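Subject: Structure handover and findings

Hello,

Here is the structure you asked for. Please load it first, then read the notes below.

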Amino acid sequence: MPWLWPCNLYQKVYLKPAQAREDFEQAFSLICRCSKGTKIKEVSPSNLCFSPHHALPETRVLLSSLVPDSFFTTGTVVFDSVEMGLPADQLYKDYIDKLRGKGRYLVEFIHMVSLVSNKARASVEFFHLFRVLYRYAVIQGATDLILCVVPKEAAFFEKVFLFRRLGPLRACASCSQGGYTVLIHLNLEEVPRVYAQAFKRVSEDQNLYKFLLEDPLPLDLKVISTARLKKEDFVFFFLEKTNFWVTLSEEERAYFGYLYNLTKEWADFSVSSKHADLLI
């Protein structure tokens with residue numbers, strides 16, 4: 001029997017995809033604030049934390065809350081690509097490549113964080129966030145979902161969402177004092193069958209199959225499909241607000257320069273920027 005949550009999922013939850021610059025700034029700020037006080041080695045002086053994968057055309061960032069206009073929970077879905085791969089490739093490329101070799105289309109959920117101190121409220125916001133990201137990944141054709149998480153979080157996802165361990169514990173370079181992560185995996189094509197079997201005797205208000213696959217969503221997924229980082233926002237976050245641009249490899253700069261049609265002025269942007277000290 002899978003684990004059952006000690007919270008009421010059927011509360012009104014507000015969700016929105018990051019579209020405006022203020023939305024992305026709120027999400028990136030949440031990620032940074034949640035990193036403080038954890039085992040993350042470095043927290044950005046800019047008080048914004050994001051990655052090159054956030055700038056990919058298919059990446060989507062979502063915010064959720066029980067209170068309108070006050071979002072303190074966020075999560076991001078990244079789709080596999082030839083140019084950038086997935087964030088988890090840094091530690092688990094050998095295991096991820098085995099799935100790719102089978103013709104699987106992978107997605108990874110990253111930066112699933114919340115500043116909400118009340119565990120019941122945080123759980124509700126997280127479950128709704130996960131549900132929307134899950135359904136969006138499925139309608140986009142993803143066949144497999146991976147997460148790179150610390151062991152405690154891995155146990156939660158295995159127990160609640162029935163993920164399976166895919167890769168071993170490995171030291172995380174961005175974590176201090178010997179921090180470790182583990183790669184876990186969910187076959188999205190098998191979810192309907194596996195969840196139907198696992199939750200067939202579970203009451204309706206605790207039934208993850210019904211909640212995840214059948215219940216109506218509080219927002220239209222079509223809204224998410226058009227929500228991506230715009231050129232002016234890419235320039236703001238990667239070149240003006242921080243010096244992230246100069247930390248990218250030449251290949252990455254060329255790729256993003258092509259994606260966002262950057263002029264030579266921006267392509268030659270150097271570490272002499274007035275924001276050079278705000279390293280992500």
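Why is there no bond between the sulfur of Cys49 and the closest cysteine sulfur? The closest cysteine sulfur is that of Cys32, and at 3.5 Å it is too far for a bond. The cut-off for a disulfide is a pair of cysteine sulfur atoms within 2.5 Å. The disulfide count therefore comes to 0. Cys32 is in no disulfide, and the nearest cysteine sulfur to it belongs to Cys49. Both cysteines deserve a word on exposure. Cys32 counts as buried because its relative accessibility is 1%. Cys49 counts as buried too, at 13% relative accessibility.

One caution before the rest: this is a predicted model.

Overall picture

The protein chain has 11 helices and 8 strands. It has 280 residues, of which 49% count as buried. Take the contacts between residues at least 6 apart in sequence: 73% of them join residues at least 24 apart.

Helices H1 and H8

H1 covers residues 21–35, and H8 covers residues 231–240. Their axes come within 10 Å. They cross at roughly 35°. The crossing of H1 past H8 is right-handed. On the H1 side, the residues that meet H8 are Arg21, Phe24, Glu25 and Phe28. On the H8 side, they are Glu232, Asp233, Phe236 and Phe237. By class, the contact of H1 with H8 has 4 nonpolar residues, 4 charged and no polar.

H8 is largely enclosed by the rest of the structure, because 7 of its 10 residues are buried. Those buried residues are Asp233, Phe234, Val235, Phe236, Phe237, Phe238 and Leu239.

H1 also holds Arg33. Arg33 is partly exposed, with a relative accessible area of 44%. Its C-alpha is 9.3 Å from that of Ser114, although the two are 81 residues apart in sequence.

A second pair is also far apart in sequence. Phe244 and Phe50 are 194 residues apart along the chain. Their C-alpha atoms are 9.3 Å apart in space. Phe244 sits in helix H9 (residues 244–247). Phe244 is buried, since its relative accessible area is 7% and the limit for buried is under 20%.

Two buried residues with polar side-chain contacts

Glu125 lies in helix H3, residues 119–139. Is Glu125 buried or exposed? Glu125 counts as buried, because its relative accessibility is 0%. A polar atom of the Glu125 side chain lies 3.0 Å from the backbone nitrogen of Leu66. Leaving aside residues up to four places away in sequence, Glu125 touches Ser64, Ser65, Leu66, Thr73, Ser114 and Val116. Ser114 is also the partner of Arg33 in the C-alpha pair above.

Thr59 is in the loop between H1 and strand E2 (60–65). Thr59 counts as buried because its relative accessibility is 3%. Which backbone atom lies 2.6 Å from a polar atom of the Thr59 side chain? The backbone oxygen of His53 does. His53 also appears in the contact list of Thr59. With residues up to four places away in sequence not counted, the rest of that list is His54, Thr76, Val77, Val78 and Ala227.

Two positive phi values

Check these two backbones when you set up your work. Leu162 is not a glycine, yet its phi is positive, at about 65°. Leu162 is placed in the loop between helix H4 (151–160) and strand E6 (164–165). Leu162 counts as partly exposed because its relative accessibility is 24%.

Asn261 is another residue other than glycine with a positive phi, near 50°. Asn261 lies in the loop between helix H10 (250–259) and helix H11 (264–267). Asn261 counts as exposed: its relative accessibility is 57%, and exposed means over 50%.

Best regards

Notes. Residues are numbered from 1 along each chain as its sequence is written. This is a predicted model: local features need pLDDT of at least 70, side-chain atom pairs count only at pLDDT 80 or more; totals for chains, interfaces and linings use all residues. Side-chain values use heavy atoms; hydrogens and water are left out. Axes are lines fitted to C-alpha atoms, for helices over the stretch in contact, and angles run from 0 to 180 degrees between N-to-C directions. Helices (H or I, at least four residues) and strands (E, at least two) are DSSP runs, numbered from the N terminus. A crossing is left-handed if the near helix is turned anticlockwise from the far one by less than a right angle, and right-handed if clockwise. Contact means heavy atoms within 4.5 Å. Ala, Val, Leu, Ile, Met, Phe, Trp, Tyr, Cys and Pro count as nonpolar, Asp, Glu, Lys and Arg as charged, and the others, Gly among them, as polar. Buried means under 20% relative accessible area, exposed over 50%, partly exposed in between (1.4 Å probe, protein chains only). A polar contact is a pair of N or O atoms within 3.5 Å; within protein, one must be able to donate a hydrogen and the other to accept it, and residues adjacent in sequence count only if both atoms are side-chain atoms.
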